[in-house]
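I opened this notebook to keep track of what I looked up, going from single residues to the chain as a whole. The entries follow the order in which I went through them.

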Amino acid sequence: MRSRNTRRGMAVAAVLVSGGLVLAGCGGSDSEGSKASGTSPGEGKTECAQLTQFGDLSGKSVKIYTSIVAPEDQAYKDSFKLFTDCTGAEVDYEGSKEFEAQLVVRVKSGNPPDIAFIPQPGLLKTLVEDTGKVKEAPKQVSDNVDEFYGPDWKAYGTVDGKFYAPPLTANVKSFVWYSPKMFKENGWEIPKTWDDMLALSDTIAATGIKPWCAGIGSGEATGWPATDWLEDVLLRDAGPDVYDKWVNHDIPFNDPAVVKALDTVGGILKNEDYVNGGFGDSKSIASTEFTDAGLPILKGKCAMHRQASFYAANWPKGTDVSETGDAYAFYLPPISEDFGSPVLGGGEFVTAFTDSIQTQALMTYISGGEWVNEKGKATKNGGFVSANKNLDIANVASPIDKTSVEILQNPDAVFRFDGSDLMPGAVGAGSFWKEMTAWIGENQSTQDTLDNIESSWP
C-alpha cells in the first residue's frame with residue numbers, strides 16, 4: 001500500500017441524507033452530471049440496496065488510479081462488476097508502478113483521477129494540508145465506516161477532525177513465507193523465537209542454501225519493504241510504546257532503540273551467508289523487485305522471505321499455497337518476552353478528488369458491506385484481507401488470508417499500523433524509503449541512515 005496526494009475539485013457535492021440525495025453547492029462546478037436520473041438498474045436487488053438511491057448512472061464512469069498492478073489488479077476489476085450492475089456506471093481502473101510520483105503531478109496539473117487508492121495516512125494528511133484538493137467523504141460513507149470498521153480505521157482516514165478516506169483493504173505484515181515441503185524434506189522446524197529463527201538460518205546456510213531472499217524494488221516506491229523490516233523489529237525489540245513515540249516523533253528517528261533495531265535487521269539482510277538467494281549478494285536486494293523476491297523459494301534457492309499477507313497473490317498460478325504445500329507463511333517470531341507477539345499491518349484508503357454522484361456512489365459501494373465480499377470471491381489465489389466486519393471469512397481464499405482476518409478482528413491483538421505510512425510524507429514515503437535503499441544498496445551505515453532521516457523530519 002503506497003502513495004500520496006489529493007485534490008479538491010470545485011463541483012456540486014451530493015450529500016446523502018436520510019436515504020435521499022440532497023444537492024449542496026460547493027462553490028463552482030466541475031463535475032459532469034451531478035444528478036441521478038431514472039430508476040436504478042439494481043432496483044429490487046438486495047445486494048444493490050445501498051446504491052439504488054443514486055438512480056441510473058448509465059453512461060457515467062469513475063476513474064480510479066492506484067499502485068496496484070498485475071496480477072493483483074484483475075480481482076479489483078472483477079469486484080466492481082456488481083457496482084456496474086447496480087448503477088450502470090463503469091469503472092475505469094488504471095494501475096501504475098509510477099503511481100507515487102505521477103499522482104502528485106496529475107493533481108497539481110488539474111488532471112486528477114476521480115479516486116485514488118492511497119496506502120499512507122501520512123500522505124493523505126500531507127495532501128489534505130498541502131493541496132486542499134481532497135474531498136471530504138459524504139455522510140453515507142462515514143456511516144458505513146462507523147458500522148463496518150473499528151474506530152481506529154476511521155481515525156487513519158481522518159485529518160484535523162474531518163473524515164476523508166474510508167478503508168479499502170488491510171494487510172498483516174508480520175509474516176515469513178517459506179516452503180512447507182522444503183522444510184519437511186530437510187527436517188526444519190518453524191521457529192518460535194527470534195533466536196530460533198537465527199539458529200535455523202545458520203542451519204540452512206550450512207547446507208549451501210541461502211536462508212533468506214529479499215527485494216525492496218517497487219518503482220518510485222523502492223525501499224518500502226526495508227522500512228517494514230525495521231518497524232517489525234522495533235515493535236518486537238522495544239515494544240509498542242517506544243514504537244508509537246518514534247512514529248509520532250516524540251523520540252528522534254535515530255534514537256538508540258532504533259539504531260539497535262536496524263542493526264538487528266542488518267544481521268539478516270546484510271549477512272552475505274544469509275542472502276540473497278537466487279539473486280546475488282546483499283546489495284542485490286535493492287534492485288530486486290519485491291514481487292519477485294520470494295519466488296526462488298519454489299526452486300529451492302532460498303528458504304524464507306519476510307513479506308506481508310498480500311504476497312499470496314504473487315505466487316505463480318498453480319502454486320499450492322497451504323500448510324503442507326509449496327508455499328505458506330509463519331508468524332515473524334517475537335524477540336522479547338516483555339512484548340509478546342505484536343502484529344504490524346497496513347492498508348489502503350479510498351480518496352476522492354471529485355464529488356460527482358458516480359464518485360460518491362462508488363465510495364459508498366467500497367465502504368459498505370457488499371464490496372469486501374465481492375473482492376474476496378474475486379481474489380481466487382489469495383492476497384486479500386480486510387478489517388470490514390461484514391466480510392464473510394468463507395469468501396477469503398487462502399488460509400493465510402483467513403488467519404490475517406482473524407488477527408485483525410481480534411480485539412486483544414497488539415496491532416500497530418505501518419509506521420512509515422503514518423509519518424509525514426516527506427519522511428514516510430520520502431527519506432525513509434530513500435535512505436533504507438542506500439543502507440542496503442550502497443552499504444550505508446546504520447547511524448548515517450538514521451541521522452539522514454532524522455534531519456529530514458519537517
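**Entry 1, Ser356 and the helix after it.** I began with Ser356, which sits in the loop that runs from strand S13 (343-352) to helix H13 (357-367); I note at the outset that this is a predicted model. Ser356 has a relative accessible area of 4%, and because buried means under 20%, I entered Ser356 as buried. I then looked for a partner of its side chain and found a polar contact, at 2.9 Å, between the side chains of Ser356 and Thr359. Thr359 is itself one of the buried residues of H13, so I went through the rest of that helix. How many residues of H13 are buried? The count is eleven of eleven, and H13 is accordingly listed as mostly covered. Among these buried residues I wrote down Ile357, Leu362, Met363, Tyr365 and Ile366, and also Gln358, Gln360 and Thr364.

**Entry 2, Asp143.** I turned next to Asp143, which I located in helix H5 (residues 139-148). Is Asp143 buried, partly exposed or exposed? Its relative accessibility is 32%, and since partly exposed covers the range between 20% and 50%, Asp143 counts as partly exposed. Its side chain makes a polar contact with the side chain of Lys139, at 2.7 Å, and Lys139 falls within the residue range of H5. I also checked a pair distant in sequence: Asp143 and Gly368 are 225 residues apart along the chain, while their C-alpha atoms are separated by 9.0 Å.

**Entry 3, backbone geometry.** I searched the backbone for cis peptide bonds and noted one joining Ala70 and Pro71, with omega about 5°; Pro71 belongs to the loop between strand S3 (61-66) and helix H1 (73-79). Another cis peptide bond joins Val275 and Asn276, again with omega about 5°, and here Asn276 lies in the loop that links helix H11 (256-269) to helix H12 (290-293).

I then looked at positive phi values in residues other than glycine. For Asp160 phi is near 50°; this residue is in the loop between strand S6 (158-159) and strand S7 (162-163), and with a relative accessible area of 61% Asp160 is exposed. For His249 phi is near 65°; His249 lies in the loop between helix H10 (240-247) and H11, and at 26% relative accessibility it counts as partly exposed.

**Entry 4, the whole chain.** Finally I stepped back to the protein chain, in which I recorded 18 helices and 14 strands. Its radius of gyration is 22 Å, close to the 23 Å that the globule rule gives for 458 residues, so the chain is as compact as a globular protein of that length. The C-alpha trace spans about 70 × 45 × 35 Å along its principal axes. Of the 458 residues, 58% count as buried, and of the contacts between residues at least 6 apart in sequence, 74% join residues at least 24 apart. I noted an accessible surface of about 17,300 Å², with 47% of it belonging to carbon and sulfur atoms. As a last item I looked up the charges: there are 40 positive and 63 negative ones, and their mean positions are 5 Å apart.

How values were computed:
Residues are numbered from 1 along each chain as its sequence is written. This is a predicted model: local features need pLDDT of at least 70, side-chain atom pairs count only at pLDDT 80 or more; totals for chains, interfaces and linings use all residues. Side-chain values use heavy atoms; hydrogens and water are left out. Helices (H or I, at least four residues) and strands (E, at least two) are DSSP runs, numbered from the N terminus. Buried means under 20% relative accessible area, exposed over 50%, partly exposed in between (1.4 Å probe, protein chains only). A polar contact is a pair of N or O atoms within 3.5 Å; within protein, one must be able to donate a hydrogen and the other to accept it, and residues adjacent in sequence count only if both atoms are side-chain atoms. The radius of gyration is taken over C-alpha atoms; the globule rule is 2.2 Å times the number of residues to the power 0.38. Contact means heavy atoms within 4.5 Å. Accessible areas come from the Shrake-Rupley method with a 1.4 Å probe; for residues, only the protein chains shown count as cover. Lys and Arg count as positive and Asp and Glu as negative; His and the chain ends are not counted. The place of a charge is taken as NZ of Lys, CZ of Arg, CG of Asp or CD of Glu.
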